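Welcome! Please take a moment to look over the sequence and the 3D structure below before reading on.

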Amino acid sequence: ISHPNREIKIEGKRELNIKADKALLGVLVSNLLENALKYSEDDVEVHISKHSLCVKDSGIGIGKKDLANITEKFYRVDTNRWNNSLGLGLFLVKNITTLHHFTLEIESIQNEGSTFCVVF
């Protein structure tokens, strides 16, 4: 992930033991971080606990209408400034969480930011 002059701040547990496919979990985390960096100009926060991993940004946020569909295959928010998205990242995240019997919780406020939590 390459975004100069940006930081990913990690808070909480640095080591976590969960039963998961390492490669798939890497795809999940990479997609959440990439989205947070794409749609926000500030630093990104990652909160890790024994029950969840949450990625928080202070970006453009997601409207209620889009929030209901954001994890659907090829779904893209029309108004975002990032125009090279295929609409697959959050679809993959959702499917990886389901495969592992985790849940994906999304909270977002337009023009304030979003938080994506994977609950183990």
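What follows is a short tour, from the whole chain down to single residues.

Residues are numbered from 1 along each chain as its sequence is written, and side-chain values use heavy atoms, with hydrogens and water left out. This is a predicted model, where local features need pLDDT of at least 70 and side-chain atom pairs count only at pLDDT 80 or more, while totals for chains, interfaces and linings use all residues.

**The whole chain**

Let us begin with the overall layout. The chain holds three helices and five strands, arranged along the sequence as β-α-β-β-α-α-β-β. Helices (H or I, at least four residues) and strands (E, at least two) are DSSP runs, numbered from the N terminus.

The C-alpha atoms fill a box of roughly 40 × 30 × 25 Å, taken along the principal axes. The radius of gyration of the chain is 14 Å, which agrees with the value near 14 Å that a compact globule of 120 residues would have. That radius is taken over C-alpha atoms, and the globule rule is 2.2 Å times the number of residues to the power 0.38.

Of the 120 residues, 38% count as buried. Here buried means under 20% relative accessible area, exposed means over 50%, and partly exposed is in between (1.4 Å probe, protein chains only). As for contacts (heavy atoms within 4.5 Å), residues 24 or more positions apart account for 61% of those with a separation of 6 or more.

On the charged side, the chain has 15 positive and 16 negative side chains, and the centres of the two sets lie 5 Å apart. Lys and Arg count as positive and Asp and Glu as negative, while His and the chain ends are not counted; each charge is placed at NZ of Lys, CZ of Arg, CG of Asp or CD of Glu.

**The nonpolar core**

In soluble globular proteins, nonpolar side chains tend to be buried together. Which residues touch the most other members of the largest nonpolar core? They are Leu-32 and Val-55, in a core of 20 residues. Helix H1 (22-38), strand S2 (44-48), strand S3 (52-57), helix H3 (89-99) and strand S5 (113-119) each supply at least two residues of this core, and H1 gives the most, with five. A nonpolar core is a set of buried Ala, Val, Leu, Ile, Met, Phe, Trp, Tyr and Cys residues joined through side-chain atoms within 4.5 Å.

Leaving out residues up to four places away in sequence, Leu-32 touches Val-55, Leu-90, Val-93, Phe-116 and Val-118.

**A residue in strand S5**

Thr-115 sits in strand S5. Apart from neighbours within four places in sequence, Thr-115 is in contact with Cys-54, Val-55, Lys-56, Glu-105, Ile-106 and Glu-107. Thr-115 and Val-46 are 69 residues apart in sequence, and their C-alpha atoms are 9.4 Å apart in space.

**Three loop residues**

The table gathers three residues found in loops.

| Residue | Loop | Relative accessibility |
|---|---|---|
| Tyr-39 | between H1 and S2 | 15%, buried |
| His-101 | between H3 and S4 (103-109) | 73%, exposed |
| Asn-111 | between S4 and S5 | 69%, exposed |

His-101 has a phi near 60°, a positive value in a residue other than glycine. Asn-111 has a phi near 65°, again positive in a residue other than glycine. Tyr-39 and Leu-90 are 51 residues apart in sequence and 13 Å apart in space, C-alpha to C-alpha.
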